[in-house]
Amino acid sequence: MAALQGLSVAAAATHAPRSAFGAVVTSSHCTVGAPALSASHSMRAGAGLRGRPMRSPVAGRRAMQVMAVRDGAKLDRPLRVAVIGGGPAGACTAETLAKGGVETYLIERKMDNCKPCGGAIPICMVDEFSLPPEIIDRRVTKMKMISPSNREVDVGKTLNDKEWIGMCRREVLDDYLRNRAQDLGANVINGLFMRMDQAPGDGPFTLHYNKYDGVSKVGKPSTLEVDAVIGADGANSRVAKEIGAGDYDFAIAFQERIRIPEDKMEYYKDLAEMYVGDDVSPDFYGWVFPKYDHVAVGTGTVVNKTAIKQYQQATRDRSRVKTEGGTIIRVEAHPIPEHPRPRRVKGRVALVGDAAGYVTKCSGEGIYFAAKSGRMAAEAIVQASARGQRMVGEADLRVYLDKWDKQYWATYKVLDILQKVFYRSNPAREAFVEMCESDYVQKMTFDSYLYKTVVPGTPLNDVKLLVQTVGSLLRGNALRSGEGTSVSFGNRTASENAAAV
């Protein structure tokens, strides 16, 4: 049953800033600014996405003494929360907070960030987060799983005509979510978070960040006082370091965006490919995912980060017949967390998204879980603060954490087991691809992925799956002493099948 569940899972006005809200503090230099961005900092579906000047909070504040505020106390002004990081996690946090009456600040340095990310989102996210169709580049209805010996298995046969996986570009998705948060009242600041201090007792946080004006590359040191902080600043989270959240393993993801000829792009119009083998990654997979007018080719690894370019070259070699003649238009690399951090809440600080470690093993999915965790954390704050009227504390933030762990802990644990079982050797990977040929496995996997629910199986089919799993593993292990257990760079067996397309 555990193996089955693992397979099924795998697959609003602006408030003027006021003086701080904690222990007695005097400040005469707390400047808050939100400079305008250039009007052409992002693209949507190949066309220019509307640039938008960011709403600018009041630039200065007069000195004032303020007193500490205990958890749950009634406030005489709105609760103030800073969200560090403007990806899906941070933007969805800021949106929910702003809608809920909380004075919200979203600090993001790279407004046009192009994170090396496959960009796949489940169909349930489109409805749940009200995403417009124009930010979805492609609707993938077919996938090819390609084994170390280049055996191809077509996945997606069980999807109906209304089911698909969305493919998006992160610079488009992130920009849309940030703009929406701003429209709902969040103050978006182009800045780089550096550190934070907290006044003694139940005092406020003073955030230190470099503010950018969209012109100069040198930021202006600035400060901002808030009641609570949400860290959504990625795998290298500075907020996590500030609260001693602990270390975790991380993968390096490397991706090249390649613009290929139109006839080859036609092949990928609704198709994604996943390659497994120790040539493309010793512990993950390589991918070719379609975007608006190009494909994203990438891979990742935890155990041998220094060889990431070698694995990337192998991924390109194995897909080269279908991508040759293309032009590399962007090269991207970024750390990806491998498991949740030991500490995700401390005092009035919480972590969400990659900063908290919410990327699944085996599949490497993170966008949906980032957005979901940000929304859940913000909902806990809005509810506990009575829509921004009361002070929140650690117990309130732990409501989000408990809810998250209850809903998703099993998903992360089972996918961790799956990765250890099926990504440990080429024979195990062969077995994994063979199992993906089963309609039952495909349906359970896609239903679980698309709708983020663990789909219960039937006892008879569960027994069949167990037998099939054992058989596949045995057949895979039998290959250890045979031919074809490893793949040299540039093996074209599978790729040549596409030559006639």
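At 35% relative accessibility, Asp 197 counts as partly exposed. In this predicted model, Asp 197 has a charged partner: Arg 195 forms a salt bridge with it, and the closest N and O atoms are 2.9 Å apart. Arg 195 is likewise partly exposed, at 38% relative accessibility. Side chains of opposite charge can pair when their charged atoms come close. That makes this pair a handy way into the rest of the structure.

Zooming out for a moment, the protein chain has 501 residues, and 61% of them count as buried. About 20,100 Å² of the chain is exposed, with carbon and sulfur atoms supplying 53% of that area. As for the fold, 13 helices and 20 strands turn up along the chain.

Back to the charged pairs. A search of the whole structure finds 30 salt bridges. One of them joins the side chains of Glu 171 and Arg 257, at 2.9 Å from N to O. Glu 171 sits in helix 4 (residues 170–183) while Arg 257 belongs to strand 14 (residues 250–259), so this contact ties together parts that are 86 residues apart in sequence. Are these two residues buried or exposed? Glu 171 is buried, with a relative accessible area of 11%, and Arg 257 is buried too, at 4%. The pair doesn't stand by itself, either: Glu 171, Arg 257, Arg 330 and Glu 332 are linked in a network of salt bridges. Another salt bridge brings together the side chains of Glu 266 and Lys 269, at 3.0 Å from N to O. Here Glu 266 is partly exposed, with a relative accessible area of 46%, and Lys 269 is partly exposed as well, with 39%.

Cysteines tell another story. How many disulfides does a search of the whole structure find? The count is zero. Take Cys 168, which is in no disulfide: the nearest cysteine sulfur belongs to Cys 117 and is 7.0 Å away. A disulfide needs the two sulfur atoms within 2.5 Å, so that pair doesn't qualify. Cys 168 counts as buried, at 1% relative accessibility. Cys 124 is also buried, at 13% relative accessibility.

Now for the strands. Strands of a sheet pair through backbone hydrogen bonds, either parallel or antiparallel. Strand 10 (residues 187–198) gives an example of each. With strand 4 (residues 103–108), strand 10 pairs in the parallel sense over four bridges, and Glu 108 has Asn 190 of strand 10 as its bridge partner. With strand 11 (residues 205–211), strand 10 runs antiparallel, and seven bridges join the two. Along that pairing, Gly 191 has Lys 211 of strand 11 as its bridge partner. Strands 10 and 11 form a hairpin with six residues between the strands, where Gly 201 takes a positive phi near 70°.

A separate topic is the open sheet of three strands, which has the order 5-9-6 and antiparallel pairing. Strand 5 (120–121) and strand 6 (138–140) stand at its edges, each with a single partner strand, so one side of each is left without a neighbour in the sheet. Strand 6 is joined to strand 9 (residues 165–167) by three bridges, and the two run antiparallel. Within this pairing, Arg 138 has Met 167 of strand 9 as its bridge partner.

Ahead of strand 6 comes a loop worth a look. Ser 130 is found there, between helix 3 (123–128) and strand 6. Ser 130 has a positive phi of about 50°, although it is not a glycine. Which other residue has a positive phi although it is not a glycine? Ala 386 does, with a value of about 55°. Ala 386 lies in the loop between helix 9 (367–384) and helix 10, and counts as partly exposed, at 31% relative accessibility.

That loop leads on to helix 10. An α-helix has 3.6 residues a turn, so residues three or four places apart point the same way. Helix 10 (residues 394–422) has 29 residues, which at 1.5 Å a residue should span 42 Å; its end C-alpha atoms are 39 Å apart, which agrees. Where does helix 10 bend? The bend comes at Tyr 408 and is about 50°.

Conventions
Residues are numbered from 1 along each chain as its sequence is written. This is a predicted model: local features need pLDDT of at least 70, side-chain atom pairs count only at pLDDT 80 or more; totals for chains, interfaces and linings use all residues. Side-chain values use heavy atoms; hydrogens and water are left out. Buried means under 20% relative accessible area, exposed over 50%, partly exposed in between (1.4 Å probe, protein chains only). Accessible areas come from the Shrake-Rupley method with a 1.4 Å probe; for residues, only the protein chains shown count as cover. A salt bridge is a side-chain nitrogen of Lys or Arg within 4 Å of a carboxyl oxygen of Asp or Glu. The expected span of a helix is 1.5 Å times one less than its number of residues. The bend at a residue is the angle between axes fitted to the seven residues ending there and the seven starting there. Two strands pair if DSSP finds at least two bridges between them.
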